[in-house]
Structure formats: structure tokens, C-alpha cells
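This report describes the fold of one protein chain, then one of its loops and one of its helices. The sequence and the structure are shown first.

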Amino acid sequence: MDKVYGGSFLYHQEPNLVLCGLVIGLDYENPYINPYHEFQRWKTHPAIRAHLDGGTCIQYGARVLNEGGYLPYPS
């Protein structure tokens, strides 16, 4: 994923909740990249796994983020 635009987040909420996610730009060049598999791989990183071990997934979802600010909107 060297040339892919994106990032990740890990937020802590009370009581004992963690919100996590992975953002991948839809203009990636590699046709074999799978955002779902990349997210699963990210969750196994030791720094992330330490926050997720022993937890239970209570909700999940997927979103498309508009990139480009105000200019892409039609007039």
C-alpha cells in the first residue's frame, strides 16, 4: 500500500469502547488491493491488536468520503 492515499484511526470512548477504521482512496492503481482485507491486516498490527484483544465487534459499516472539498459539488 505504498502509493495509496489514506490513513487509519483508533478512538477510545467510555466505557471501554474503541472505534477504529481505515481510509483508502478509491483511485488506487493496484487492481488487487482489497480494502476489507487491508483493514483486517491493519487490525493484526501489534500496536492495534493490543487495543482490540478480548473485545467484541458491536457494529461495523462502510462509508465513501467525498474528497476535494467544495469544488466537486455541482452548481
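## Terms and overall architecture

In what follows, a residue is called exposed when its relative accessible area is over 50%, buried when that area is under 20%, and partly exposed in between. The model is a predicted one, and the descriptions below should be read with that in mind.

The protein chain contains 2 helices and 2 strands, which follow one another from the N terminus in the order β-β-α-α. Of its 75 residues, 11% are buried, and the chain exposes about 7,000 Å², of which carbon and sulfur atoms supply 54%. When contacts between residues at least 6 apart in sequence are considered, 30% of them join residues at least 24 apart.

## The loop between the strands

Strand 1 (6–13) and strand 2 (17–24) are joined by a loop in which P15 lies, and the peptide bond that leads from E14 to P15 is cis, with omega near -15°. N16 is placed in the loop between strand 1 and strand 2 as well, and its phi is near 60°, a positive value in a residue other than glycine. Both features depart from the usual pattern, because most residues other than glycine have a negative phi and most peptide bonds are trans.

N16 has a relative accessibility of 78%, and because exposed means over 50%, this residue counts as exposed.

## The two sides of helix 1

Helix 1 spans residues 35–43, and its buried residues are E38, F39 and W42. Viewed down the helix axis, these buried residues fall within an arc of 100°, and therefore they line one face of helix 1. The cover over them includes strand 1, strand 2 and helix 2 (46–52), whereas Y36, H37 and R41 are exposed on the other side of helix 1.

At its N-terminal end, helix 1 is capped by N34, a side-chain oxygen of which lies 2.9 Å from the backbone nitrogen of Y36.

## E38, a buried residue with a polar contact

Why does E38 count as buried? Its relative accessibility is 15%, and because the cut-off for buried residues is under 20%, E38 belongs among them. The side chain of E38, a residue of helix 1, makes a polar contact with the side chain of R41 at 2.9 Å. This contact thus pairs E38, one of the buried residues of helix 1, with R41, one of the exposed residues on the other side of that helix.

Methods. Residues numbered from 1 in each chain as written. Predicted model: local features only at pLDDT ≥ 70, side-chain atom pairs only at ≥ 80, totals over all residues. Heavy atoms only, no water. Helix = DSSP H or I, 4+ residues; strand = E, 2+ residues; numbered from the N terminus. Buried < 20%, exposed > 50% of the residue type's maximum accessible area, 1.4 Å probe, protein only. Arc of directions from axis to C-beta. Contact = heavy atoms within 4.5 Å. Polar contact = N/O pair within 3.5 Å; in protein donor to acceptor, adjacent residues only side chain to side chain. Areas by Shrake-Rupley, 256 points an atom, 1.4 Å probe, with all protein chains shown as cover.
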